[in-house]
Each structure stands twice: as C-alpha cells, then as structure tokens.
Amino acid sequence: MPHESKPRSGGPRATDIRSDRQIQRMASSQNMLIHEITRTSRLQICKNTVHTRIIESGYMIHTKMASRSPFSKLHINKRLQWARNHMSYGDKWTAVLFSDEKKVEPRWT
C-alpha cells in the first residue's frame with residue numbers, strides 16, 4: 001500500500017525552492033528590507049511570505065539596528081553657527097523655502 005499524504009490546513013506554498021533561495025540571497029547579500037524584496041522579486045507574494053522564508057532559512061536572524069544621532073557634533077555646531085549668522089535676516093525669512101526640513105532633537109550630554 002503506497003504512502004498517501006494527509007490533507008493539511010492552509011493553502012499551497014507560494015514559492016518553490018529556487019524562489020526561496022533567491023529571497024534568502026537578496027536578504028543576506030544586498031541588505032534589502034522585506035518590502036523591497038517583495039517589490040523587486042518577480043513573484044506574486046506578500047511580505048509575510050518573504051519574512052517566513054527568511055526565518056525558515058535558519059541562518060539569518062532579525063536584529064534591530066543600533067540607534068544613533070543623525071547628526072554628529074560637527075554637524076550640530078555648523079548648523080548652530082549658520083543659524084546665528086542668519087538671525088538678523090528679519091522679514092526675508094518669509095520668502096525662504098526649506099526643502100530639507102527635518103525634526104532635530106539635540107542630545108545634550
């Protein structure tokens with residue numbers, strides 16, 4: 001009597017072994033985010049599938065990037081000096097358009 005596989009819950013796998021390896025290569029060698037891998041792969045898969053395949057690989061682990069200040073002390077000092085030099089600009093500021101506005105939270109230590 002031949003062995004028969006039992007029906008299992010859930011749908012069929014969305015990827016094959018070759019696609020799994022492609023996803024794992026993209027994640028490990030190119031430092032891509034999960035949604036970037038989903039977008040650039042030519043597969044019709046969701047980001048949860050990509051995440052699952054990376055976890056199944058067994059040799060990649062999820063780690064959080066170390067947080068650091070976006071500006072060095074040199075950058076902060078240069079920005080402060082620029083601001084001090086332009087404090088007397090007066091009403092001319094209404095005509096200035098800043099294209100790189102960022103939220104800056106100085107770290108006073």
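# A tour of the predicted model

Begin at the surface: select Trp82, Tyr89, Val96 and Phe98, which make a nonpolar patch of about 350 Å². This is a predicted model. Within the patch, pick Tyr89, placed in the segment after helix H4 (73-85). Tyr89 counts as partly exposed because its relative accessibility is 33%.

**Whole chain**

Now zoom out and colour by secondary structure. The protein chain has 4 helices and 0 strands, and the order from the N terminus is α-α-α-α. Switch to a surface view: the accessible surface comes to about 10,400 Å², and carbon and sulfur atoms hold 54% of that. Of the 109 residues, 17% count as buried. For contacts with a separation of 6 or more, 50% are between residues 24 or more positions apart.

**Helix H1**

Select residues 17-29, which form helix H1. At 1.5 Å a residue, the 13 residues of H1 should span 18 Å, and the end C-alpha atoms are 18 Å apart, so the two values agree.

Which residues of H1 are buried? Show Ser19, Asp20, Ile23, Gln24, Met26 and Ala27 as sticks; these are the buried ones. They cover an arc of only 160° around the axis, which means that they lie on the same side of H1. Turn the helix round to find Ile17, Arg18 and Ser29, exposed on the other side. To see what covers the buried residues of H1, add helix H2 (34-40) and helix H3 (47-57), which are included in that cover. Before leaving, step to Asn31, just after H1, where phi is positive at about 50°.

**Val50 in helix H3**

Next, centre on Val50, which lies in helix H3. Is Val50 buried or exposed? Val50 is buried, with a relative accessible area of 0%. Display its contacts, leaving aside neighbours within four places in sequence: the partners are Ile23, Ile34, Ile37, Thr38 and Ile45. Among these partners, Ile23 is one of the buried residues of H1. A distance label from Val50 to Ser19, C-alpha to C-alpha, should read 10.0 Å, with their positions 31 residues apart in sequence.

**Salt bridges**

How many salt bridges does a search of the whole structure find? The search finds 4. Start with Arg13 and Asp20, whose closest N and O atoms are 2.8 Å apart in a salt bridge. Arg13 is partly exposed, with a relative accessible area of 48%, whereas Asp20 is buried at 10%.

Arg13 also forms a salt bridge with Glu56, with the closest N and O atoms 3.5 Å apart. This pair links distant parts of the chain: Glu56 is in helix H3 and Arg13 in the segment before H1, 43 residues apart. Glu56 counts as partly exposed, at 45% relative accessibility.

Stay on Glu56 and add Arg53, since their side chains meet in a salt bridge at 3.8 Å, N to O. Glu56 and Arg53 are 3 residues apart in helix H3, so about one helical turn separates them. Arg53 is buried, its relative accessible area being 7%. Finally, select Arg13, Asp20, Arg53 and Glu56 together: salt bridges that share partners join these residues into one network.

Conventions. Residues are numbered from 1 along each chain as its sequence is written. This is a predicted model: local features need pLDDT of at least 70, side-chain atom pairs count only at pLDDT 80 or more; totals for chains, interfaces and linings use all residues. Side-chain values use heavy atoms; hydrogens and water are left out. Patches are made of residues with over 30% relative accessible area and no salt bridge: like charges are joined within 9 Å, nonpolar side chains (Val, Leu, Ile, Met, Phe, Trp, Tyr) within 5 Å. Accessible areas come from the Shrake-Rupley method with a 1.4 Å probe; for residues, only the protein chains shown count as cover. Helices (H or I, at least four residues) and strands (E, at least two) are DSSP runs, numbered from the N terminus. Buried means under 20% relative accessible area, exposed over 50%, partly exposed in between (1.4 Å probe, protein chains only). Contact means heavy atoms within 4.5 Å. The expected span of a helix is 1.5 Å times one less than its number of residues. The arc is that of the directions from the helix axis to the C-beta atoms.
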